[in-house]
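Work through the exercises below with the structure open. Try each task before reading its solution.

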Amino acid sequence: MTKPLVFEKPLGMRDTLPDLYEIKSKSRSAMEHAVQKWGYRFMQTPTIEYYDTVGEASATLEQQLFKLLDQEGKTLVLRPDMTAPIARVAASTMQGQSQPMRIAYSANVFRAQQQEGGHPAEFEQFGVELIGDGSTSADGEVIALMIETLEHVGLRNFQVAVGHLGYVDVLFKEILGTDERVEKLKRFLYEKNYVGYKQHVKKLPLSSIDQKRLLDFLHLRGENKLEDAEKLITSTRGYEAIEELHALRECLKAFGVNELTTLDLTLVSHMTYYTGVVFEGYAPELGSPISNGGRYDDLLGKFDKEAKATGFGIDLDYLMEAIQRGETEPFTHCVIFSEKHRKEAYAFVRKLRDKGGMVVAQDIKGIESLDAYTEQFSNVTYYLGKEEGGEH
Amino acid sequence: MSSSTLTIAMPKGRIFEEAVQLLREADYTLPPEFEDSRKLILEIEEANLRFILAKPMDVPTYVEHGVADVGIAGKDVMLEEKRNVYEVLDLGISRCYLAVAGIPGTELDAVAPKIATKYPNVASNYFRSQGKQVEIIKLNGSIELAPLIGLADRIVDIVSTGRTLKENGLVETEKIIDITSRFIVNPVSYRIKANAVDEMVHRLDKVIEGEEIAR
């Protein structure tokens, strides 16, 4: 092991420089405003949680957790997501409050990188949780709010894929019978391995009709596929899932966001976490989903309080990449002064700041090269010589 | 570049020609000098396609990061790299398999068996699944050398005709898995560019099915 050099950071850790910081905080407050208008209230939870509670309940792979030990030897984790901590609070400290609860958060989460860079290991997530509401309107609200939030920060041309894990589970169970077999087949979808899925289906001892049902399932994405999906199902629980998707479509129409969503029943974003409607948001500028979410009716049960819930999370760093850096307004004004004229300079600066301007006051003694320094400002005022100060 | 342009990551070398032929059979008009060009980026504007030429091992990396929408990659690479991409079609080209090989009549070292390979993840997963703990030595080429000069007890490598093994006096001891090339898609492109991607999948699938019937 080599000792880190002074400029090095742990794998996946990133600095946020002023330009990025400014768009990020501007976007964050725009997004906060958007979700507050819908009645969601912000809260914070600790950065460090117990591995046995939040670590286990979160949907994160073991090897992606940052772990440490406390003084008693208990394993701690840096929170890998915000949904599990909020579920913990909702099931304990806040359990007396009347439901449904509308909670929002904006916080850094931590997931260790496996092999290489390219993805940050600490990143800011912005999201909401709607706890204690199992209705389709709740699913619709969360999707519509996610879309409105993204639009609020100026993201254009994005799309949201909507799936239903309840449908997948029921269809597979109808055909395959046992949970083990369902899980095995579902894992191919989760791993995005359609070749393996098809090969596996062809090897299963099934009637040719059932094989075809499983193979046709892979085509259930895009317009008008809900009708096709209905044809594949035979059980009551399957029809319930279809009913939910019909209702969801109507709900999204009512919110006026149906155009931005596409049905995609092949979307399996997690093996066990989600129980019903799931969704992912995509921006064309980016190779990874920018946001995701869904219904997780089993999670609160892990904290000893059954409650239906749904929510979304937006990856703020990905969002920043998508809405293009470089649109920041630079500091516009700099006042350069000598010690002798400090007082007048400060008075002048205060006047500008009171008017809402961002102003740098800089002693000439502190600068090495005047030209190089002043280059970054569009406006420079000097308080140096005999005169009151001249514009540059 | 219009936003509907599809960027395709192609593997250089052995698989390249078969992949180009497959695309031509699927009615994609590629210029005749395509194979001879040394350019790393080739644009075919009338077909709305852009090709990037990458090392086979790197194709899934370009696709995962979304700088290429789709790509053609060997299953060997997919197993080794475990990238977050959709594996949509088995193209059935560049057939070969991954195997364990060594000098005939030799046994694995009882204390610390050494395995030389270009595929450290595949090799270590395979031996784990066999209930053996081995030490992996990563090499970048001419893997057959390793047992011959005593660097390793066994190698894990792809075998297509078996000629290289034979000429170096090695024998295959276990077959691990069959390998063919796969059509892979970035998860975002799979949705955002669904029309262009589906069209390509459909056309390629027709060619592959035709060939399967002929075979």
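The exercises that follow cover an interface, a helix pair and two backbone features of a predicted model.

**Exercise 1. The interface**

Task: Find how many residues chain A and chain B each bring to their contact, and what area is buried between them.

Solution:
- Start with the residues. Chain A contributes 26 and chain B contributes 23.
- Next, the area. About 1900 Å² is buried between chain A and chain B. Carbon and sulfur atoms give 46% of that area.
- Then look for the main contributors on chain A. Lys192(A), Val195(A) and Arg221(A) supply 33% of the area that chain A buries against chain B. No other three residues supply more.

**Exercise 2. Polar links across the interface**

Task: State how many salt bridges and how many polar residue pairs the rule finds between chain A and chain B.

Solution:
- Count the salt bridges: there are two across the interface.
- Inspect one of them. Arg191(B) pairs with Asp264(A), and their closest N and O atoms are 2.7 Å apart.
- Count the polar contacts: 10 residue pairs across the interface, both residues at pLDDT 80 or more.
- Now place the chain A side on its elements. Strand 7 (159-164), helix 7 (194-203) and strand 9 (277-282) of chain A each give two or more residues to the side that touches chain B. Helix 7 of chain A gives the most, with four residues.
- Finish with the residue classes. The side of chain A that touches chain B has nine nonpolar, 10 polar and seven charged residues.

**Exercise 3. A helix pair**

Task: Decide whether helix 9 and helix 10 of chain A are roughly parallel or roughly antiparallel.

Solution:
- Take the axes of helix 9 (residues 225-232) and helix 10 (residues 236-255) of chain A. They come within 10 Å and cross at roughly 170°.
- Apply the cut-off: angles over 145 degrees count as roughly antiparallel. Helix 9 and helix 10 of chain A are therefore roughly antiparallel to each other.
- List the residues that meet. Helix 9 of chain A brings Leu226(A), Glu227(A), Ala229(A) and Glu230(A). Helix 10 of chain A brings Tyr239(A), Ile242(A), Leu245(A), His246(A) and Arg249(A).
- Sort them: five nonpolar, one polar and three charged.

**Exercise 4. Backbone features**

Task: Find where in chain A Pro100(A) and Asn157(A) lie, then check the backbone at each.

Solution:
- Pro100(A) sits in the loop between helix 3 (83-91) and strand 5 (101-110) of chain A. A cis peptide bond joins Gln99(A) to Pro100(A), with omega about 0°.
- Asn157(A) sits in the loop between helix 4 (136-152) and strand 7 of chain A. Phi of Asn157(A) is near 60°, a positive value in a residue other than glycine.

Conventions. Residues numbered from 1 in each chain as written. Chains lettered and ligands numbered in written order. Predicted model: local features only at pLDDT ≥ 70, side-chain atom pairs only at ≥ 80, totals over all residues. Heavy atoms only, no water. Contact = heavy atoms within 4.5 Å. Buried area = accessible area lost by both parts, 1.4 Å probe. Salt bridge = Lys/Arg side-chain N within 4 Å of Asp/Glu carboxyl O. Polar contact = N/O pair within 3.5 Å; in protein donor to acceptor, adjacent residues only side chain to side chain. Nonpolar A, V, L, I, M, F, W, Y, C, P; charged D, E, K, R; others polar. Axes fitted to C-alpha atoms, helices over the stretch in contact; angles between N-to-C directions. Parallel < 35°, antiparallel > 145°, perpendicular 65-115°, else oblique.
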